[in-house]
Amino acid sequence: MLLTITTTYSPATDLGFLLHKHPERLQSFELAYGQAHVFYPEANRKKCTAALLLDVDSVGLVRRYHGQVRDNFALAEYVNDRPYVASSFMSVAIAKVFSSALSGKSKDRPELVETPIPLSAKLSILPCRGGEKFLRRLFEPLGYTVNAERHILDAQFPDWGESRYFTVTIDKICVLSELLTHLYVLIPVLDDEKHYWVDQAEIDKLLKHGGDWLSEHPEQESIVNRYLKRQRRLTRQALAQLRETDVDEIEEQTQEEAQIEERIGLNEIRLTKAAEVIKESGAKRVIDLGCGEGKLLRKLMKVKQFEEIVGVDVSHQSLKIAQQRLHFDRLPEKQKERLKFFQGSLCYRDKRLEGYDAAAVIEVIEHLDPPRLSAFERVLFEFARPQTVVLTTPNVEYNVKFENLPAGRFRHRDHRFEWTREEFQSWASDISNRFGYTVVFHPIGEIGENVGSPTQMAVFTQERF
Ligand code: SAH
């Protein structure tokens, strides 16, 4: 079983520092169930590949873990796929052999550890229970480009059909610890099997390695469920813990941003204006993309003209808070029928987003990684294609006016960028040209001399031919 990690960062051989393994040496490690070897099939300034080869001792495995192998076919204990595929053994090996890299530590090169670099990981054989679709649903929301090649069951008997084994490559520009962490958690999830007993300690491991990305992952429940070997009690507990920390964090961050913008009640002005523009457009069916805790939904609910109001967010937790705040469960039947929620990412084409008169995208784009922004543009303007789009984002020029915001800092910890008026307007104009919309800009909030307003709004209207 082979895992290779390749970078084209320059100098690529820095991968050796990141992994704490010298490119010129073969190193071997004893593990409880076999051996792991690390070597570099290619190492030059332009390209460097590190390989982690696992040599699982299948006989030792059966002796050691006897009683845990499920198949009741006696030979199955010896003749099984474990030595040849990526499984929880690979995760254990990653944790042992690359422990500092996994935790993102480096004594010698701390700046390197923090630098996102182009990385490509290839797993020679990865069992994917749930098929390629599930494989993609795990890695793509994390920003990876996924390549998967499915293997047939037996080359001599093609009629037997396809197996659940894939050769998989995932690519992303990120820090190495992020890639290793995702592999560490998601390999056993795909395999849907673990070679050791799962208990409370496993929840801690999952929260340690998944705490910061799992809470926003659309497949959060399947990941947790499979990671914990489908033990209901542990799964419930882990999900509750994930959501708890996350709810606190969402509220804390929102409060921080609110404090910075508070002086002018900016949020209120922004949402009121958005609701007004949508009403004026004549829309009846409205979708709030990245609805967060549902503040705009609350305003929209008050307008009778809107017959259908939908809140979409990538975060389960935010949707849960929105439902609680709007007392969704206790709404009278007629109101309840007007309001819908669904969880999804705006970076993936989604049929559920189609067919609305108007869409609101309020303070959302700055939360998207710049490379994902073009996916979002197509999802909204090419595929969902609402008649009207009301979109807001901070105007970074105004930040100098916020006394409690240190220079150079964004207003919210999760903002990936904040644009000047020119940047925003050229982005929005480009979109209108490409997708057949017209766009009008509105300043939102008090206008400062030379810096414009704190929020900038673009209203896109689909051109009719
Ligand atoms: N529109 C709300 C919330 C803004 S905060 C308001 O104005 O109050 C940004 C929201 O976008 C968060 O709730 C976050 O979960 C959501 N979000 C971030 N990335 C997303 C994505 N890719 N798809 C859907 N929602 C996303």
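In which sense do strand β12 and strand β14 pair, and over how many bridges? The two strands, residues 388-394 and residues 455-462, run antiparallel and share 7 bridges. One of these pairings can be placed exactly: V390 has V459 of β14 as its bridge partner. This is a predicted model, and the pair is a good place to enter it.

Step back to the sheet around that pair. β12 and β14 belong to an open sheet of 7 strands, ordered β10-β9-β8-β11-β12-β14-β13. The pairing in this sheet is mixed. β10 (339-343) and β13 (437-444) are the edge strands. Each has a single partner strand, so one side of each is left without a neighbour in the sheet. On average, neighbouring strands here are turned by 15° against each other, direction ignored.

A helix packs on this sheet. Helix α11, residues 266-280, touches β8 (285-289), β11 (358-362), β12, β13 and β14. The direction of α11 makes about 10° with that of β14.

Now turn to the ligand. It is surrounded by 16 residues. The closest are G290, G292, D313, L346 and I362. Three of these also make polar contacts. A backbone N or O atom of G290 lies 2.7 Å from a nitrogen atom of the ligand. A polar backbone atom of I362 is 2.8 Å from a ligand nitrogen atom. D313 uses its side chain: an N or O atom there is 2.5 Å from an oxygen atom of the ligand. How much of the ligand's accessible area does the protein cover? On its own the ligand has 570 Å², and the protein covers 85% of that. By class, the surrounding shell holds 7 nonpolar, 7 polar and 2 charged residues.

Another sheet lies earlier in the chain. It is open, with 7 strands in the order β2-β3-β4-β1-β5-β7-β6. Its pairing is antiparallel. At the edges stand β2 (27-31) and β6 (145-152), each pairing on one side only. Neighbouring strands of this sheet are turned by 15° against each other on average, direction ignored.

Follow the strands across from β1. β1 and β5 (residues 117-127) pair in the antiparallel sense over 5 bridges. Here T6 has S120 of β5 as its bridge partner. Next, 9 bridges join β5 to β7, again antiparallel. A121 is matched with I170 in β7. Finally, β6 and β7 pair antiparallel over 7 bridges, and I152 stands opposite E162 in β7. Strands of a sheet pair through backbone hydrogen bonds, either parallel or antiparallel.

Which strands does helix α3 lie across? Helix α3 (residues 88-97) lies across β1, β2, β3 (34-43) and β4 (48-56). It runs at about 125° to β4. Helix α6, residues 131-139, also packs on this sheet. It touches β5, β6 and β7 (162-174), and its direction makes about 160° with that of β6.

Two backbone details complete the tour. The peptide bond joining S10 and P11 is cis, with omega about 0°. P11 is found in the loop between β1 (2-7) and α1 (15-19). K229 has a positive phi of about 55°, although it is not a glycine. K229 sits in the loop between α9 (220-227) and α10 (232-261).

Conventions: Residues are numbered from 1 along each chain as its sequence is written. This is a predicted model: local features need pLDDT of at least 70, side-chain atom pairs count only at pLDDT 80 or more; totals for chains, interfaces and linings use all residues. Side-chain values use heavy atoms; hydrogens and water are left out. Two strands pair if DSSP finds at least two bridges between them. Helices (H or I, at least four residues) and strands (E, at least two) are DSSP runs, numbered from the N terminus. Axes are lines fitted to C-alpha atoms, for helices over the stretch in contact, and angles run from 0 to 180 degrees between N-to-C directions. Contact means heavy atoms within 4.5 Å. A residue is near a molecule or strand if one of its heavy atoms lies within 4 Å of it. A polar contact is a pair of N or O atoms within 3.5 Å; within protein, one must be able to donate a hydrogen and the other to accept it, and residues adjacent in sequence count only if both atoms are side-chain atoms. Accessible areas come from the Shrake-Rupley method with a 1.4 Å probe; for residues, only the protein chains shown count as cover. Ala, Val, Leu, Ile, Met, Phe, Trp, Tyr, Cys and Pro count as nonpolar, Asp, Glu, Lys and Arg as charged, and the others, Gly among them, as polar.
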